[in-house]
Amino acid sequence: MKPVRELPAVPAISAARSGLIAVVIFVVANFALLAGVTTPEKFYFDEVHYVPAARQMLEPVMPNTMLNPMHPPLAKQLIALSIRTFGDVPLGWRYPSVLFGSLAVVAIYLCGLALFAAQGPAIAAGLLAFFNQMLFVQSRIAMLDVFALAFGVLAIAAFMHGFRKARPHLLFALAGLAFGLSVACKWSGLFALAVCIVIVAVIRLMQRWRTQFADGNPSDWYRPDLWPDFRVTHFAACFVVIPAVSYLATFVPLYGLSLPDLLEAQRRIFGDNTTTAIAGHTYMSSWPSWPFLTRPVWYLFDKIADDRIAAVVFLGNPVVLWTALPALAVCLRDWIATRRADAFLILSFYSGPYLAWALLPRTLGFLYYYLPAATLASLAVVYVLRRGNAPRWLLWAFVGLACAGFAAMLPISAAFLGTSMETFVRLMLFQSWI
């Protein structure tokens, strides 16, 4: 057997420095997301489903009729813990989303470190994820999506770091643990886990067939000597057993160790999430339209004074998300033409969580289902802006432009700011946005 080789040597990155930067990113994001988070002081949008379900979990004895049984319990358990800590008030409902939104930004930074092996591009990726507006809005409402996102992107970061290693066992196991927790928040967390399973299975199949590239090099997404000691048992443990155990463990506080009750809970979730829904919701949209931001979701629209409204719209920053589309095309070109591992990983973890929605039999879809793919799309933008001989300032100029776009959308992203009808009309660029 040929000696084991890892991907080509990359500039050494101080673990201590990376950890310190991650903490700084988390603290800054946490404080930025906390600003005005208690406005409005009432439930808005789907908080009416999830906060009552979290309250129910605080009762001494769970009633026979469980609220919101169509989703796994972990995110609601975290909201319940926050209510117990901060009180049954808006801060108690929403702080867990703030916390996990901050972790999602850190996770994108960690993905950037794995892909680009440099602090600057990794920080830029985290900033673009924050400025894409979707993450900001979803991190300030008591819904389930940002919890699944944070655990999922942390798992993806672990997988990306393991992808470069000769012995990825520990990192892949950590990925499996985080994926299980992501699925325990919302079943859409399965999509990114499925991407990892497919990647590992395809690589192992190609190795079994003794596939080789004639001009192979260490930066290829596939190599015959990749993970020589990672066996089928390790694969099953990391991507099946560990996710399943961590997922099912979140049900134990509700159902104990009763196997019939655990199975019935899974049957109910499966039925509610695979049944074809009746179309007709005001803000519904189909998956092909999501990258183009053709139909936003208005979470809140309240009149607070003469010619003043409090608005929260889940839309997305066009500066980031429209730019990401040609950037993803460049990633596709580079993967096909040069077999680059970083381009391959970006494409895989963008496409999997997005295109999976095309396979589901549901007719009811919303733009916020695009959140995981949109968050990962920031990596594609950074990849292109640091590609080749692109000047370093270009990346940071684009980050500044994205920040400007984010600031322009703040009046319709943060309810505590309020806005005028004139500003609202000016920001609604297309009729479909109203």
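In the predicted model, the side chains of Arg223 and Asp225 are joined by a salt bridge with an N to O distance of 3.2 Å, and both Arg223 and Asp225 are buried. This pair belongs to a set of 12 salt bridges held by the structure.

A further salt bridge links Glu264 to Arg267, whose closest N and O atoms lie 2.7 Å apart. Both residues are part of helix H12, which covers residues 259–274, and they are separated by 3 residues, or about one turn of the helix. Glu264 is partly exposed, because its relative accessibility of 39% lies between the limits of 20% for buried and 50% for exposed residues. Arg267, with a relative accessible area of 49%, is likewise classed as partly exposed.

The side chains of Arg387 and Asp334 also meet in a salt bridge, with an N to O distance of 2.7 Å. Arg387 is located in the loop between helix H15 (371–385) and helix H16 (392–409), whereas Asp334 belongs to helix H13 (residues 318–338), so the pair ties together parts that are 53 residues apart in sequence. With regard to accessibility, Arg387 is partly exposed at a relative accessible area of 33%, while Asp334 is buried at 2%. In addition, Asp215, Asp220 and Arg339 are joined into one network by salt bridges that share partners.

Asp334 also takes part in the packing of helix H13 against helix H14 (residues 341–355). The axes of these two helices come within 8 Å and cross at roughly 130°; since this angle falls neither over 145 degrees nor within the range of 65 to 115 degrees, H13 and H14 are oblique to each other. The crossing of H13 and H14 is left-handed. On the H13 side, the residues that meet H14 are Leu325, Leu328, Cys331, Leu332, Asp334 and Trp335, and their counterparts in H14 are Ala343, Phe344, Ile346, Leu347 and Tyr350.

The strands E1, E2 and E3 form an open sheet in that order, with antiparallel pairing. Strand E1 (297–305) and strand E3 (419–420) are the edge strands, each of them pairing on one side only. The antiparallel pairing of strand E2 (residues 308–314) with E3 comprises 2 bridges, and Ile309 has Thr419 in E3 as its bridge partner. In the loop between E1 and E2 lies Asp307, which adopts a positive phi of about 60° although it is not a glycine. Asp307 is partly exposed, its relative accessible area being 46%.

A positive phi is also found at Ala117, where the value is near 50° in a residue other than glycine. Ala117 is placed in the loop between helix H4 (90–116) and helix H5 (119–131), and its relative accessible area of 9% identifies it as buried. Another backbone feature is the cis peptide bond that joins Thr39 and Pro40, with omega at about 0°; Pro40 is situated in the loop between helix H1 (15–34) and helix H2 (47–57).

Lys76, a residue of helix H3 (residues 74–86), has a relative accessible area of 2% and is therefore buried, the limit for this class being under 20%. When neighbours within four places in sequence are left aside, Lys76 is in contact with Tyr50, Ala53, Ala54, Met57, Asn68, His71 and Leu144.

Terms used. Residues are numbered from 1 along each chain as its sequence is written. This is a predicted model: local features need pLDDT of at least 70, side-chain atom pairs count only at pLDDT 80 or more; totals for chains, interfaces and linings use all residues. Side-chain values use heavy atoms; hydrogens and water are left out. A salt bridge is a side-chain nitrogen of Lys or Arg within 4 Å of a carboxyl oxygen of Asp or Glu. Buried means under 20% relative accessible area, exposed over 50%, partly exposed in between (1.4 Å probe, protein chains only). Helices (H or I, at least four residues) and strands (E, at least two) are DSSP runs, numbered from the N terminus. Two strands pair if DSSP finds at least two bridges between them. Axes are lines fitted to C-alpha atoms, for helices over the stretch in contact, and angles run from 0 to 180 degrees between N-to-C directions. Angles under 35 degrees count as roughly parallel, over 145 as roughly antiparallel, 65 to 115 as roughly perpendicular and the rest as oblique. A crossing is left-handed if the near helix is turned anticlockwise from the far one by less than a right angle, and right-handed if clockwise. Contact means heavy atoms within 4.5 Å.
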